[in-house]
Amino acid sequence: MPVDTVIFSGEGPHADAWHALAETSAAVANLVGDRGQVAIVTTVDQLATALDGARLLVVNASADRTTPIAEDEEFGRVLDDFLAGGGSLLALHSATIAFPQLATWRSTVGAAWDRGRTLHPPIGSTLIRRTDVEHPITTGLGDFEVYDERYTDLELLDGVDVDTLYVHDEGGATHPLVWARTVGSSRVVYDALGHDPRSYESPGHVELLRRIVTWLRHES
């Protein structure tokens, strides 16, 4: 059975001390397809080969650094080639911290973690609200509860149009958590949830994730 989905699960310079990326990558792999259809890779040099023939790249990575490294540029080249070929992207949670200063990554996802401004309230159970945006991902879905971090005040890039699907309220303001967009013939989703495996114990988040993957694979 050919690999349909590749999960880039960050290690080393593409990880941090606060996210158990191997655990959340395994949880996502179990939810989005048969094991034979999903490959997990942990280094950038594995990525181009792994993506050959795949339809979806999931990035579950981070970075405990503020300066770029050579591997970031290589990731950017692989990503650009994959999207140019019509592949789709799902960026999860701390992916907005990954590949610092990589312009192609920031512009594709549509946001980045702004050190000094972006934060999250203490992890816990919280309500995630659906917006009134009509989108195939959220047709028939509603609000849901999840045990997770809620990223707040991400740096949203000017000029990047997105469909905001889910939000949360913090500090008297509403903050986007899940959005979708198209880049040429490719589809992109950012899901700011998924700090640890408890996030994927939420039936609402699980259903949302499955809907996201269906849309990204052009199955709806």
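# Strands, helices and a core, question by question

Q: Which residue in the hairpin of S10 and S11 takes a positive phi?
A: Gly-184 does, with a phi near 65°, in a hairpin that has 2 residues between the strands. Names like S10 come from DSSP runs numbered from the N terminus: a strand is an E run of at least two residues, a helix an H or I run of at least four. Please keep in mind that this is a predicted model, where local features need pLDDT of at least 70, side-chain atom pairs count only at pLDDT 80 or more, and totals for chains, interfaces and linings use all residues. Residues are numbered from 1 along each chain as its sequence is written, and side-chain values use heavy atoms, with hydrogens and water left out.

Q: What makes S10 and S11 a pair?
A: Two strands pair if DSSP finds at least two bridges between them. For S10 and S11 there are 6 bridges, so the condition is met. The two strands run antiparallel, and Ala-180 stands opposite Val-189 in S11.

Q: How many bridges join S4 to S11, and in which sense do the strands run?
A: There are 4 bridges and the strands run parallel. Leu-92 has Asp-191 as its bridge partner in S11. As general background, strands of a sheet pair through backbone hydrogen bonds, either parallel or antiparallel.

Q: Why is S11 called mostly covered?
A: The test is burial, which means under 20% relative accessible area (over 50% is exposed, in between is partly exposed; 1.4 Å probe, protein chains only). In S11, 6 of its 6 residues are buried. Ser-186, Val-188 and Tyr-190 point one way, while Arg-187, Val-189 and Asp-191 point the other way. In a regular strand the side chains alternate between the two faces of the sheet.

Q: How do you know that S1 is covered on both faces?
A: Thr-5, Ile-7 and Ser-9 lie on one side, Val-6 and Phe-8 on the other, and all are buried. That is 5 of the 5 residues of S1.

Q: Which residues stand opposite each other where S1 meets S2 and S3?
A: Phe-8 stands opposite Val-41 in S2, and S1 pairs with S2 in the parallel sense over 4 bridges. With S3, Ile-7 stands opposite Val-58, and S1 and S3 pair in the parallel sense over 5 bridges.

Q: What is the strand order in the sheet, and which strands are at the edges?
A: The open sheet of 9 strands runs S2-S1-S3-S4-S11-S10-S9-S6-S7, with mixed pairing. The edge strands are S2 (38–41) and S7 (144–148), as each pairs on one side only. From one strand to the next, the twist averages 25°.

Q: Why does the length of H5 agree with that of a helix?
A: The expected span is 1.5 Å times one less than the number of residues. For the 14 residues of H5 that gives 20 Å, and the end C-alpha atoms are 20 Å apart, so the two agree. Just after H5, His-218 takes a positive phi of about 60°.

Q: What makes the largest nonpolar core a core, and how many residues has it?
A: A nonpolar core is a set of buried Ala, Val, Leu, Ile, Met, Phe, Trp, Tyr and Cys residues joined through side-chain atoms within 4.5 Å. The largest one has 63 residues, and those with the most contacts inside it are Leu-57, Val-59, Leu-90 and Trp-105. H5 gives the most to this core, with 7 residues. Among the buried residues of H5 are Leu-208, Leu-209 and Ile-212.

Q: Is Thr-138 buried or exposed, and how do you know?
A: Its relative accessibility is 0%, so Thr-138 counts as buried. Thr-138 lies in the loop between S6 (124–130) and S7. Leaving aside neighbours within four places in sequence, Thr-138 is in contact (heavy atoms within 4.5 Å) with Arg-130, Val-133, Leu-165, Tyr-166 and Arg-211.

Q: Why is Val-3 called partly exposed?
A: Its relative accessible area is 28%, so Val-3 falls in between the limits for buried and exposed. Val-3 lies in the segment before S1. Val-3 and Gly-53 are 50 residues apart in sequence and 7.2 Å apart in space, C-alpha to C-alpha.

Technical notes:
Axes are lines fitted to C-alpha atoms, for helices over the stretch in contact, and angles run from 0 to 180 degrees between N-to-C directions.
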